Amino acid sequence: MQIIENFSLQEYNTFGIQAYAKFFAQAGTTDELLYISQQTGMFKKPHLVLGGGSNILFTKDFDGTIIKISMRGMEVVDESASNVYLNVNAGENWDDLVEYCVQQSWGGLENLSLIPGQTGSSPIQNIGAYGVELKDHFHSLEALHKQSGQKKTFTAQECKFGYRDSFFKREGRDQYIILSVTFILDKEPAINTSYAALAAELQKGGITQPDIHDIREAVIRIRRSKLPDPVAIGNAGSFFKNPVINTEQYKRLSEAFPDVVSYPDKNGIKIAAGWLIERSGLKGYRLGDAGVHEKQALVLVNYGNAKGSDIVKLAEMIRCSVMENFGVGLEAEVNIV
Ligand code: FAD
Ligand code: EPU
């Protein structure tokens with residue numbers, strides 16, 4: 001295990017932004033993590049915990065230690081007649097996990113196919129796609145409390161999951177390192193085709209009674225058709241969250257724009273931010289090498305040499321334009337560092 005100085009982060013963030021970390025280390029085990037933190041006194045100085053770098057935008061060099069989480073391995077820790085409890089270490093690639101579960105015919109995670117990143121990051125924003133959120137199949141997680149060095153187990157309730165939200169983005173922000181996550185998987189999978197685009201994709205393929213393999217394949221096809229592959233074009237998925245507005249605001253918006261795309265939400269009405277951006281005339285817009293993806297306006301992209309600050313400038317422009325046109329505020333989903 002090495003602590004490397006002046007380390008390029010370009011390959012470690014899916015935006016492909018060039019930025020340098022003063023120090024960089026990878027932790028392959030919890031012991032290594034503790035060793036690195038003791039060697040560098042890292043937790044008392046500026047530091048950043050990095051997973052797959054698929055939800056992060058570096059706007060400058062990082063003047064501290066970046067610790068890349070690389071703990072691998074998973075095991076079935078319990079089983080009942082209907083469920084499997086699978087504990088997965090934080091450094092496991094998310095989609096490898098989903099693929100493995102589908103191969104085992106354990107249901108639950110298949111709608112979350114092809115989301116980039118690592119398992120340890122998945123509870124931070126309660127990843128979600130195609131009608132399912134992580135919280136729906138989450139049992140518990142184990143995290144290291146940085147200040148005390150103690151491990152703590154969090155239940156779903158303690159994680160306070162919400163839409164792209166959890167305890168770890170609020171009160172618990174920067175206080176814990178997630179070491180492993182335990183999932184509850186179904187031996188007799190319940191198929192979820194509630195997301196309209198998924199139902200349409202299955203129908204297009206003539207699949208009337210999908211199993212979890214069909215769901216995974218359909219989700220992968222939809223994602224490949226509209227989301228840019230970070231290997232080809234730098235991006236971090238949706239740059240903004242879909243805003244949730246109250247009924248009064250929605251009434252005004254839908255009267256002015258009857259075709260606004262919206263969904264019911266437990267906190268109000270969720271508006272498709274991609275629609276707001278597209279209808280602001282910004283789909284495909286470019287500001288140098290920073291751009292709005294031409295197939296999905298919610299995704300900002302790096303066409304090659306954009307700096308983090310160029311992406312931020314574009315995001316600001318979008319935010320102002322959407323506010324001016326629709327009176328709706330957009331909040332970044334991506335972590336801006
Ligand atoms: P990173 O970007 O490395 O880190 C994200 C945050 O978590 C940072 O604040 C980091 O400090 C913190 N962190 C990372 N690991 C740990 C840990 N072990 N302990 C404590 N803190 C930690 N997201 C969705 O929800 N749904 C989607 O459909 C979706 N689609 C995407 C499509 C594309 C093409 C891309 C590029 C991204 C997409 N995302 C999506 C966003 C992203 O994949 C998820 O947010 C993912 O969970 C981020 O994982 P990561 O390991 O890359 O995290
Ligand atoms: N739309 C447009 N123009 C666009 C994009 C979208 O009008 O350019 C409208 C369309 O009506 C479309 C609707 O918005 O039907 C929804 O689009 P899509 O199904 O692509 O989903 P999204 O709301 O844009 C969210 C998540 C994605 C997730 C998909 C599928 C957020 C912020 N984003 O996107 O997550 O994969 O749903 O569930 O909630 C991510 O978080 O990084 C991410 C990619």
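Strand β15 and strand β16 (residues 268–271) pair in the antiparallel sense over four bridges, where two strands are said to pair if DSSP finds at least two bridges between them, and where strands (E, at least two residues) and helices (H or I, at least four) are DSSP runs numbered from the N terminus. Within this pairing, Tyr263 has Lys270 of β16 as its bridge partner. The two strands belong to an open sheet of three strands, which follow the order β14-β16-β15 with antiparallel pairing. Because β14 (244–245) and β15 (262–265) each have a single partner strand, they stand at the edges, and one side of each is left without a neighbour in the sheet.

The model is a predicted one, in which local features need pLDDT of at least 70 and side-chain atom pairs count only at pLDDT 80 or more, while totals for chains, interfaces and linings use all residues. Residues are numbered from 1 along each chain as its sequence is written, chains are lettered from A and ligands numbered from 1 in the order in which they are written, and side-chain values use heavy atoms, with hydrogens and water left out.

**The two ligands**

Around ligand 1 there are 33 residues, of which Val49, Gly52, Ser54, Ser121 and Arg223 come nearest; a residue counts as near if one of its heavy atoms lies within 4 Å of the molecule. Ligand 2 is surrounded by 23 residues, and the closest of them are Tyr130, Tyr163, Tyr195, Glu278 and Glu333. The table lists polar contacts of both ligands, a polar contact being a pair of N or O atoms within 3.5 Å.

| Ligand atom | Protein partner | Distance |
|---|---|---|
| Oxygen of ligand 1 | Gln118, polar backbone atom | 2.9 Å |
| Oxygen of ligand 1 | Gln125, side-chain N or O atom | 2.8 Å |
| Oxygen of ligand 1 | Arg164, polar side-chain atom | 3.4 Å |
| Oxygen of ligand 2 | Tyr163, side-chain N or O atom | 2.7 Å |
| Oxygen of ligand 2 | Tyr195, side-chain N or O atom | 2.6 Å |
| Oxygen of ligand 2 | Glu333, side-chain N or O atom | 2.8 Å |

On its own, ligand 2 has 820 Å² of accessible area, and the protein covers 83% of this, with areas computed by the Shrake-Rupley method and a 1.4 Å probe. The elements that give two or more residues to the shell around ligand 2 are α5 (212–226), β13 and α7 (273–278), and among these α7 gives the most, with three residues. This shell also draws at least three residues from each of domain 2 (74–186) and domain 3 (234–336), whose bounds come from an automatic or database domain assignment.

By class, the shell around ligand 2 has eleven nonpolar, five polar and seven charged residues, whereas the shell around ligand 1 divides into 16 nonpolar, 15 polar and two charged. Here Ala, Val, Leu, Ile, Met, Phe, Trp, Tyr, Cys and Pro count as nonpolar, Asp, Glu, Lys and Arg as charged, and the others, Gly among them, as polar.

**Salt bridges**

The structure holds 19 salt bridges, each defined as a side-chain nitrogen of Lys or Arg within 4 Å of a carboxyl oxygen of Asp or Glu. In one of them the side chains of Lys22 and Asp63 meet, at 3.7 Å from N to O. Since Lys22 lies in strand β2 (residues 20–27) and Asp63 in strand β5 (residues 62–69), the pair ties together parts that are 41 residues apart in sequence.

Key:
Polar contact = N/O pair within 3.5 Å; in protein donor to acceptor, adjacent residues only side chain to side chain.
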